[in-house]
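Visitor: Please take me through one part of this model in detail. I would like the strand pairing first, then whatever surrounds the ligand.

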Amino acid sequence: MSEAIGTVGVGEATIPAIKKFNELLELDEAEFMQRTQATFKLGIEFVDWTRKGHTYIHGFGVIGQDWEWLRCHHYWLQAHQRGRARDFADYSINTAAALQNKFMQPRADMADSPIGHIAYAFHFDASLYARYLRAFAEQHGVRRTEGRIVDVGMHDNGDIASVSLEDGRKIKADFFIDCSGFRALLIEQNLKTGYEDWTHWLPCDRAMAVPCARTDPLIPLTRSTARDAGWQWRIGLQHRTGNGHVYSSKFTDDDAAEKLLLSNLDGEQLADPNKLRFRTGKRRKMWNRNCVAIGLAAGFLEPLESTSLHLVQSAAIRLVRLFPDGELDQANIDEYNRQSDFEWERIRDFIILHYWATEREDTEFWRYCRSMELPATLQRKIDLWRSNGRIFREDEELFSEESWIQVFIGQGIIPRSHDPLVGIKSDAQIEQFLGNIASTIDRCVQVMPPHADFVRKFCPAEPL
Ligand SMILES: Cc1cc2nc3c(=O)[nH]c(=O)nc-3n(C[C@H](O)[C@H](O)[C@H](O)COP(=O)(O)OP(=O)(O)OC[C@H]3O[C@@H](n4cnc5c(N)ncnc54)[C@H](O)[C@@H]3O)c2cc1C
């Protein structure tokens, strides 16, 4: 790793899977949050995605509760058709709490209450997080060699043999992990692995990130606001607010994008924008020969659902599960690539859904997104959903049924009907079932503390 090059310096929003990773490392949550100026995240607020002036939330965790054979949303769809349902957001503890800027951790002793099912992730300062994990790794025996790689030595059979540093040192190894970010130093520059380009589905290819002064309230949500040719993020941390504009260079230019970003900050600008270019997609093989690419070297799906850090962590776990002994066995390599492709493609589909499922026609960008041809895997999911509101999580697909349902409903893709088994219940029973869920959630949210108070008590960070 090279101090002179530095890290990409973005990546401040996460998903709940990060908690499992932290548990695996036995990180102390309060300490980790203090050290990274972190706040809690209950979901993502999507502003202007469906149409201008419309907002919905993709909250983590469960929606209501199952009844008999069916997920709660089937009963909601029936009541909605009769004009008798409350807003779908009222059936998720995460969303209902976030709308009032409330937060608390789930209570293990309250499994029967929505409070036992609060699901959360974090917002943190990406540079502090990188520094924190580096110190943690070094404390646990990881040896770090500082230096810029200037040359890569190859074996006659095409495998990587060594890397040479600027100061002349040569480091030989049997196996290499390419974590060089967008440069993809080993996997692409040397192994010429190839890249599967997904720009036709995920057209954003530029980003600008800029911090501004913190403003209150401290919302426990990442906010994503759709813009003319992309979208803007807003992430509230303890010491500042992170902002970024992700856009497509085909539909706007850098100057216009910068102007739009800077004119939509809700606090004083604290630095110049950090400008980044990328191409959505993934390496054709994430493990090629004696090299595995992890992180941005493996590909990039764009940050809309905050999935990249998770993909780094799940890749690390997958590599441990399939780690080679002495010899490289092609069966391990193929399985690693198969699992990675599946994981990436399903996340890709979920993100594409946000762009495609829009009523917006006000710019060329949105007209393109609305009419693009979809991957068959996504089209199949949409068709199934549209008929009877059915959705099934496939294998170890990252996003749960609840996530898909919230984006479908939030972005106005309402199925023609619901599961016919709903008919076993009377309208009155369904109304009572839904009413109980919503009123229980209302009562739970009332007793939850404000997010800012919880953070101040649980993990107050020193001012920087
Ligand atoms: C605009 C944007 C927003 C994002 N937002 C999110 C988000 O909200 N949530 C999320 O989970 N993820 C997000 N990500 C992704 C996240 O930033 C990355 O997954 C994460 O930072 C890991 O990056 P990396 O380590 O692969 O690459 P980098 O951070 O770029 O690190 C690359 C490393 O390689 C080293 N290096 C490169 N070349 C050499 C060389 N020649 N010699 C020696 N060392 C070298 C560098 O010094 C550096 O340490 C975002 C990404 C972008 C672009």
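Guide: This is a predicted model. Start with an open sheet of 3 strands. Its order is β8-β17-β16, and the pairing is mixed. β8 (176–178) and β16 (287–288) are the edge strands. Each of them pairs on one side only. β16 runs antiparallel to β17 (residues 291–293), and 2 bridges join them. Look at W287: its bridge partner in β17 is V292.

Now the ligand. The protein has 29 residues around it. Those that come nearest are V10, A13, I149, L296 and L309. The shell divides into 16 nonpolar, 10 polar and 3 charged residues. Backbone atoms supply polar contacts here. A polar backbone atom of V10 sits 2.7 Å from an oxygen atom of the ligand. At A13, a polar backbone atom is 2.7 Å from a ligand nitrogen atom. C179 also takes part: a backbone N or O atom of this residue lies 3.2 Å from an oxygen atom of the ligand. Taken alone, the ligand exposes 1000 Å², and the protein buries 91% of that.

I149 leads on to a hairpin. This residue is among those nearest the ligand, and strand β5 covers residues 149–154. β5 pairs with strand β6 (residues 160–165) in the antiparallel sense, over 5 bridges. Within that pairing, G153 has S162 as its bridge partner in β6. The two strands form a hairpin with 5 residues between them. In the turn, G158 has a positive phi of about 100°.

One more sheet completes the view. This open sheet also has 3 strands, in the order β9-β15-β18, and its pairing is antiparallel. β9 (195–197) and β18 (299–300) stand at the edges. Each has a single partner strand, so one side of each is left without a neighbour in the sheet. Between β9 and β15 (residues 281–283) there are 3 bridges, and these strands run antiparallel. One pair to find is E196 and its bridge partner in β15, K282. A helix packs on this sheet: α8, residues 330–356. α8 touches β15 and β18. The direction of α8 makes about 175° with that of β15.

Methods:
Residues numbered from 1 in each chain as written. Predicted model: local features only at pLDDT ≥ 70, side-chain atom pairs only at ≥ 80, totals over all residues. Heavy atoms only, no water. Pairing = 2+ DSSP bridges. Helix = DSSP H or I, 4+ residues; strand = E, 2+ residues; numbered from the N terminus. Near = heavy atom within 4 Å. Polar contact = N/O pair within 3.5 Å; in protein donor to acceptor, adjacent residues only side chain to side chain. Areas by Shrake-Rupley, 256 points an atom, 1.4 Å probe, with all protein chains shown as cover. Nonpolar A, V, L, I, M, F, W, Y, C, P; charged D, E, K, R; others polar. Contact = heavy atoms within 4.5 Å. Axes fitted to C-alpha atoms, helices over the stretch in contact; angles between N-to-C directions.
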